[in-house]
Each structure stands twice: as C-alpha cells, then as structure tokens.
Amino acid sequence: MKKIICAALLFASVPAFAGQLSDKDAQNILSAEDTLNGFCRGWSGDKPETQEACISRDKLVAVLKNNGWCYGKKGQAGYQKTWHKCTNDSER
C-alpha cells in the first residue's frame, strides 16, 4: 500500500509544477486517484493506511484541479459525475 501512495505522490508532483498535464499524465493520475479513493472509502477509518490513502488522494485531486480538470457538471447527481477537462458547465 505504501508503495502505491508513494508512487502516486511522486508521479503527481512533477506535472503539478508544469501547469499542463498531458493526456497520458492525466489518465495515470486519474487511475491512481481512483485506486486511492477506493482505499480511502473502503477501508476502516481508524487505520493509518486509510488516512494515508485519503491524504494522497486529495493531493492528486488538487493536481488535477490545478491543471484544468473538473469532477462533474452543474446539475448532475453524484452518481453521474466523472472527471473531465473543465468546461463552462463544469462544477469547480
């Protein structure tokens, strides 16, 4: 687990400073975010690993948002929301 979190954070730190993510970088970060989100939401809240997963996930979300990615569009229900390049009707 720690290897996944470390790899995700290491990978995410490079494009965070670049200002633009390539599509490949974004897809890799989205995949890592999805995995960490599963750990964050699926494990027991009192496990240190759960907190590490949540913190790491949140850092990846920040990288995505800082590089023009949004989660969901205005008026969508939670189950309809997906990550996408931000548009005028995106939730920010």
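1. Let's start with a single glycine: just after α3, G68 takes a positive phi of about 85°. The elements named here are DSSP runs, numbered from the N terminus: helices (H or I) have at least four residues and strands (E) at least two. Please keep in mind that this is a predicted model, where local features need pLDDT of at least 70, side-chain atom pairs count only at pLDDT 80 or more, and totals for chains, interfaces and linings use all residues. Residues are numbered from 1 along each chain as its sequence is written, and side-chain values use heavy atoms, with hydrogens and water left out.

2. Now the overall plan. The protein has three helices and two strands, and from the N terminus on they run α-α-α-β-β. Of its 92 residues, 30% are buried (under 20% relative accessible area with a 1.4 Å probe, protein chains only; exposed is over 50%, and partly exposed is in between). Among contacts (heavy atoms within 4.5 Å) with a separation of 6 or more, 41% join residues 24 or more positions apart.

3. Helix α2 covers residues 23-42, which makes 20 residues. Its first and last C-alpha atoms are 28 Å apart, close to the 28 Å expected; the expected span is 1.5 Å times one less than the number of residues. The buried residues in α2 include A26, I29, L30 and E33.

4. Two residues of α2 make a nice pair to look at. A26 lies in this helix and counts as buried because its relative accessibility is 0%. Leaving out residues up to four places away in sequence, A26 touches L21, L64 and W69. T35 is also in α2, but counts as partly exposed because its relative accessibility is 33%. Its C-alpha atom is 8.9 Å from that of A53, 18 residues away along the chain.

5. Helix α3 has 19 residues, so it should span 27 Å, and its end C-alpha atoms are indeed 27 Å apart. Its buried residues include A53, C54, V61 and L64, and also R57.

6. What lies at the heart of the nonpolar packing? The largest nonpolar core has 15 residues, and those with the most contacts inside it are L21, I29, L64, W69 and W83. The elements giving two or more residues to this core are α2 and α3. Here, a nonpolar core is a set of buried Ala, Val, Leu, Ile, Met, Phe, Trp, Tyr and Cys residues joined through side-chain atoms within 4.5 Å.

7. W83 deserves a closer look. Apart from neighbours within four places in sequence, W83 is in contact with L30, E33, V61, L64, K65, W69, C70 and Y71.

8. W83 also appears in the lining of the largest pocket, along with L30, E33, D34, N37, R41, R57, V61, K65 and Y71. The elements that give two or more residues to this lining are α2 and α3, and α2 gives the most, with five. A pocket is an open set of points on a 1 Å grid over the protein atoms alone, where a 1.4 Å probe fits and protein lies on both sides within 12 Å along at least five of seven lines; lining residues have an atom within 4 Å of a point.
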